[in-house]
Amino acid sequence: MLAGKIALITGATSGIGMATARLFAERGATLLLSGRNADAGSALASELGADFFAADVAAPGAAGMLIDWAVRCHGRLDVLVNNAGILFQGDSQDCTDAQWDAVLAVNVTAVFRLSRAAVPVMAAQGGGAIVNVASDWGLVGAQKAVAYGTSKGAIVQLTRSMAADHARQGIRVNAVCPGDTDTPMLRVLAGAEQEARLREMAEAIPLGRIGQPRDAAAAIAFLASDDASFITGAMLPVDGGNSAV
Ligand SMILES: NC(=O)c1ccc[n+]([C@@H]2O[C@H](COP(=O)([O-])OP(=O)(O)OC[C@H]3O[C@@H](n4cnc5c(N)ncnc54)[C@H](OP(=O)(O)O)[C@@H]3O)[C@@H](O)[C@H]2O)c1
């Protein structure tokens, strides 16, 4: 259960983040939502009775601002879900400096800064849970996504490092590692012939289907909840078995 927990979710305006916000709301969490798309964020917030703050997580000062906002709203922060992420396709020869920098800024640096700002708040209240959204591509190599794969591998290690550092403060830090999940990000990746490509992707997954955003949301909700109170530093693949083979 998440009843009574104050939870901040980044990237709540689409895909996995939006499904997570809906599931957290169903389970009784008090929600603080963020993303850049103010229209989508405000609509979701009013649907769920949540608060929304439009922010680019990679902007200077944004991480501190978001955590301060959470504390101003509710006086505490029990759960931080670092979900916002971007992907550029391309191998080392295609990836520009700007793409590399953008992916690392959103997928890694912002996660670090948000988590760093959340730690003193959670430590002062006796604990909390940080759930990072990594990827199965942070566990295994993937072709033509060199910056993205690097960023998700970094999140895996950031999760372990922070779990080790902050366990005695009662702060659990875990990651979910989704595989192919039906969101706008995956549909862009699938490119032209989208439906055919999605069917091919599903065929290649041991469980024989693409993930739904709710699949990842359920794992995030579990790791954020007290049911996971003895779990920290864990990577939970939600990938239909992809990273197992
Ligand atoms: N879909 C998959 O197959 C898959 C697989 C493995 C891991 N993941 C991970 O799951 C997470 C969610 O992805 P998704 O599939 O749900 O993709 P999505 O539908 O494209 O959603 C991405 C979210 O991130 C937010 N975001 C991106 N850049 C941002 C920025 N600079 N500042 C603030 N928010 C930003 C977007 O919000 P705005 O547009 O409002 O800024 C959006 O809410 C990502 O970390 C992704 O890497 C996805």
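**Exercise 1. In which hand, left-handed or right-handed, does α3 pass α4?**

Before we start, two notes on the model. Residues are numbered from 1 along each chain as its sequence is written. The model is predicted: local features need pLDDT of at least 70, side-chain atom pairs count only at pLDDT 80 or more, and totals for chains, interfaces and linings use all residues.

*Solution.*
- Step 1: find the elements. Helices (H or I, at least four residues) and strands (E, at least two) are DSSP runs, numbered from the N terminus.
- Step 2: take the axes, which are lines fitted to C-alpha atoms, for helices over the stretch in contact, with angles from 0 to 180 degrees between N-to-C directions. Those of α3 (residues 62–74) and α4 (residues 97–124) come within 8 Å and cross at roughly 35°.
- Step 3: assign the hand. A crossing is left-handed if the near helix is turned anticlockwise from the far one by less than a right angle, and right-handed if clockwise. The crossing of α3 and α4 is right-handed.
- Step 4: list the contact (C-beta atoms, placed from the backbone, within 7 Å). From α3 come Ala63, Gly64, Leu66, Ile67 and Val71, and from α4 Ala110, Arg113, Leu114, Ala117, Ala118 and Val121.

**Exercise 2. Describe the sheet and the helix packed on it.**

*Solution.*
- Step 1: order the strands, where a pair needs at least two DSSP bridges. Seven strands make an open, parallel sheet running β3-β2-β1-β4-β5-β6-β7.
- Step 2: look at the edges. β3 (51–54) and β7 (235–238) each have a single partner strand, so one side of each lacks a neighbour in the sheet.
- Step 3: add the twist. On average, neighbouring strands are turned by 15° against each other, direction ignored.
- Step 4: place helix α8 (residues 213–224), which packs on the sheet and touches β1, β4, β5, β6 and β7. The direction of α8 makes about 165° with that of β6.
- Step 5: zoom in on one pair. β2 (residues 30–35) and β3 are joined in parallel over four bridges, and Gly35 stands opposite Ala54 in β3.

**Exercise 3. Place Ser14 in its surroundings.**

*Solution.*
- Step 1: locate Ser14, which sits in the loop between β1 (6–9) and α1.
- Step 2: classify Ser14. A residue is buried with 20 or more other C-beta atoms (placed from the backbone) within 10 Å of its own, exposed with 12 or fewer, and partly exposed in between. Ser14 has 19, so Ser14 is partly exposed.
- Step 3: find its partners. Leaving out residues up to four places away in sequence, Ser14 touches Ala40, Thr183 and Pro184.
- Step 4: compare separations. Ser14 and Gly35 are 21 residues apart in sequence and 8.7 Å apart in space, C-alpha to C-alpha.

Note on methods:
Contact = placed C-beta atoms within 7 Å.
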